[in-house]
Amino acid sequence: MKANPVGWFEIYVQDMPRAVAFYEAMLATKLENLPMSDPEAWPDLEMWAFPMDCNVTGSAGSLVKMGGCPSGGNSTIVYFSCEDCAVDAARAAANGGSIFKEKMGIGEHGFIALVLDTEGNMIGLHSMI
């Protein structure tokens, strides 16, 4: 395998404006609406992508709102890379989320924090400092 194994991720949400505002504030970035190529085939599908650049490492992904796909309670954790995971965790808590596990060391691999977003999804934050 020549690429990283994760090629895309989706975080399912129920309240898209609230979720977009949360992730934009926590990650200090802007998400981009992904228009559907066939909106009649997917009338209840809405997607907002995280910034992506195919020429750098890491995986691209989006927030997704789709009928029949509830948020929260899943067993997948997406880790976002950041400068200092404690800073991003604090921003998560300040913007409607909550901190599940404060910044903790993971040896030579840096640090992680676990937070819950506004939709009940657990997400991870990873940094080297």
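Two strands are said to pair if DSSP finds at least two bridges between them. Helices (H or I, at least four residues) and strands (E, at least two) are themselves DSSP runs, numbered from the N terminus. The structure is a predicted model, in which local features need pLDDT of at least 70 and side-chain atom pairs count only at pLDDT 80 or more, while totals for chains, interfaces and linings use all residues. Residues are numbered from 1 along each chain as its sequence is written, and side-chain values use heavy atoms, with hydrogens and water left out.

A good place to start is the sheet that holds β1. This open sheet has 4 strands in the order β1-β4-β3-β2, and its pairing is mixed. Its edge strands, β1 (8-12) and β2 (32-34), each pair on one side only. Neighbouring strands here are turned against each other by 30 degrees on average, direction ignored; for such angles, axes are lines fitted to C-alpha atoms, for helices over the stretch in contact, and values run from 0 to 180 degrees between N-to-C directions. Strand β4 (residues 60-66) pairs with β1 in the parallel sense, over 5 bridges. Within this pairing, Ile-11 stands opposite Leu-63 in β4.

The next sheet can be read in the same way. It is open as well, with 4 strands in the order β5-β8-β7-β6 and mixed pairing. Because β5 and β6 (98-105) stand at the edges, each with a single partner strand, one side of each is left without a neighbour in the sheet. The average turn between neighbouring strands of this sheet is 20 degrees, direction ignored. Strand β5 (residues 79-81) runs parallel to strand β8 (residues 122-127), and 3 bridges join them. Strand β7 (residues 111-116) is antiparallel to β8, with 6 bridges between the two. Leu-125 in β8 links both pairings: Phe-80 stands opposite Leu-125, and so does Ala-113. A hairpin is formed by β7 and β8, with 5 residues between them, and Gly-120 in the turn has a positive phi of about 90 degrees. On to β6, which runs antiparallel to β7 and is joined to β7 by 5 bridges. There, Gly-105 has Phe-111 in β7 as its bridge partner.

Helix α1 (residues 16-27) packs on this sheet, touching β5, β7 and β8, and its direction makes about 15 degrees with that of β8. Contact here means heavy atoms within 4.5 Å. Helix α1 also lies across β1, β3 (45-49) and β4, running at about 155 degrees to β4.

What angle do α1 and helix α2 (residues 85-94) make where they pack? The angle is about 150 degrees, and the axes are 8 Å apart. The contact involves Phe-22, Ala-25, Met-26 and Leu-27 of α1, together with Asp-88, Arg-91 and Ala-92 of α2. These residues divide into 5 nonpolar, no polar and 2 charged (Ala, Val, Leu, Ile, Met, Phe, Trp, Tyr, Cys and Pro count as nonpolar, Asp, Glu, Lys and Arg as charged, and the others, Gly among them, as polar).

Finally, the cysteines. A search of the whole structure finds 0 disulfides, a disulfide being a pair of cysteine sulfur atoms within 2.5 Å. Cys-82 is in no disulfide, and the nearest cysteine sulfur, that of Cys-85, is 5.5 Å away. Is Cys-82 buried or exposed? Cys-82 counts as buried, at 17% relative accessibility, whereas Cys-54 is exposed, with a relative accessible area of 79%. Buried means under 20% relative accessible area, exposed over 50%, and partly exposed in between (1.4 Å probe, protein chains only).
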